[in-house]
Amino acid sequence: MTAARYIEPKKATNVFNEAVAKLTRMGFSVWGSRVLTVVGRKSGEPRSVPVNLLTVDGVRYLVAPRGETQWVRNLRAADQGTLRVGRRVEEFTFRELGDDEKPGILRPYLKRWKFEVGVFFDGVDAKASDEKLREIAPGYPVFEIFTK
């Protein structure tokens with residue numbers, strides 16, 4: 001069995017994420033940013049991280065460009081989370097997409113945020129074939145979210 005794909009954030013990324021999270025908590029969404037809060041699967045404490053909320057045909061998604069991140073593992077364990085912009089907090093549940101469903105979400109995600117996350121896609125961009133996007137899909141968790 002292959003190890004799950006996970007790219008750990010570097011120190012500079014953590015600084016950038018903190019800045020984006022602070023702006024988002026203040027009510028300034030940076031290109032669709034939200035602060036995701038999920039209960040930690042081991043600690044039981046709330047854990048927060050900025051994420052890019054993608055809307056495709058009126059449906060909202062979270063994509064994990066770094067793979068099996070801590071927030072992904074915590075979300076799976078908690079079965080729910082919250083998304084925040086300023087004072088607006090939305091509770092949500094989710095459905096994790098299967099690999100065959102992901103190309104239709106990865107393409108618009110890359111189109112919108114390639115400048116920010118392209119480095120995590122090893123040269124794959126929004127112009128990639130469906131076949132190529134399906135090939136890389138197992139390394140990129142995608143969640144369809146439902147507001148409670």
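User: In this predicted model, which residue of S3 does Leu53 stand opposite?

Analyst: Leu53 faces Leu62 there. A little further along, Leu54 has Tyr61 in S3 as its bridge partner.

User: What makes S2 and S3 a strand pair?

Analyst: The bar is at least two bridges found by DSSP, and S2 and S3 are joined by 4, running antiparallel. So they count as paired. The hairpin they form has 2 residues between the strands, and Asp57 takes a positive phi near 50° in it.

User: How do you know that S1 and S2 are paired?

Analyst: Same test: two bridges would be enough, and S1 and S2 have 7, again antiparallel. One spot to look at is Thr37, which stands opposite Ser48 in S2. Their hairpin has 6 residues between the strands, with Gly44 at a positive phi near 75°.

User: What about S4, which strands does it pair with?

Analyst: S1 and S4 pair in the antiparallel sense over 3 bridges, with Leu36 opposite Leu83. S4 is also joined to S5 by 5 bridges, antiparallel as well, and there Leu83 has Glu90 as its bridge partner. The S4-S5 hairpin has 2 residues between its strands, and Gly86 in the turn has a positive phi of about 60°.

User: Where does all this pairing lead, what do the 6 strands form?

Analyst: A closed barrel, in the order S1-S2-S3-S6-S5-S4, with antiparallel pairing. Neighbouring strands are turned by 45° against each other on average, if you ignore direction.

User: Which helices sit against that sheet?

Analyst: Helix H1 (residues 11-25) packs on it, touching S1, S2 and S4, and its direction makes about 100° with that of S1. H3 lies across S2, S3 and S6, running at about 120° to S2. Overall the chain has 4 helices and 6 strands, in the order α-β-β-β-α-β-β-α-α-β from the N terminus on.

User: Why do the side chains of S4 split into two groups?

Analyst: In a regular strand, side chains alternate between the two faces of the sheet. In S4, Gly81, Leu83 and Val85 make up the covered face, while Thr82 and Arg84 make up the uncovered one.

User: Why is Asn52 called buried or exposed, whichever applies?

Analyst: Asn52 has a relative accessible area of 9%, and buried means under 20%, so Asn52 is buried. Asn52 lies in strand S2. Leaving out residues up to four places away in sequence, its contacts include Trp31, Tyr61, Tyr109, Trp113 and Glu116.

User: And Arg87, what puts it in its class, buried or exposed?

Analyst: Exposed means over 50%, and Arg87 comes in at 83%, so Arg87 is exposed. Arg87 lies in the loop between S4 and strand S5 (88-96). Arg87 and Glu18 are 69 residues apart in sequence, and their C-alpha atoms are 18 Å apart in space.

User: What makes up the largest nonpolar core?

Analyst: That core has 20 residues, and Ile105, Leu106 and Phe121 have the most contacts inside it. S2, S3, H3 (103-117) and H4 (130-136) each supply at least two of its residues, and the largest share, 6 residues, comes from H3. Take Leu106: beyond its neighbours within four places in sequence, its contacts include Val63, Phe121, Leu133 and Tyr140. Apart from that core lies another one, of 14 residues, among them Val38, Leu53, Trp71 and Leu75.

User: How do you know whether the radius of gyration agrees with a compact globule?

Analyst: For 148 residues, a compact globule would have a value near 15 Å, and the chain has 15 Å, so the two agree. The C-alpha trace spans about 40 × 35 × 30 Å along its principal axes. Buried residues make up 43% of the chain.

User: What share of the contacts comes from residues 24 or more positions apart?

Analyst: 63%, counting contacts with a separation of 6 or more. As for the outside, the accessible surface comes to about 8,500 Å², and 52% of that belongs to carbon and sulfur atoms.

Conventions: Residues are numbered from 1 along each chain as its sequence is written. This is a predicted model: local features need pLDDT of at least 70, side-chain atom pairs count only at pLDDT 80 or more; totals for chains, interfaces and linings use all residues. Side-chain values use heavy atoms; hydrogens and water are left out. A nonpolar core is a set of buried Ala, Val, Leu, Ile, Met, Phe, Trp, Tyr and Cys residues joined through side-chain atoms within 4.5 Å. Buried means under 20% relative accessible area, exposed over 50%, partly exposed in between (1.4 Å probe, protein chains only). Contact means heavy atoms within 4.5 Å. Axes are lines fitted to C-alpha atoms, for helices over the stretch in contact, and angles run from 0 to 180 degrees between N-to-C directions. The radius of gyration is taken over C-alpha atoms; the globule rule is 2.2 Å times the number of residues to the power 0.38. Accessible areas come from the Shrake-Rupley method with a 1.4 Å probe; for residues, only the protein chains shown count as cover.
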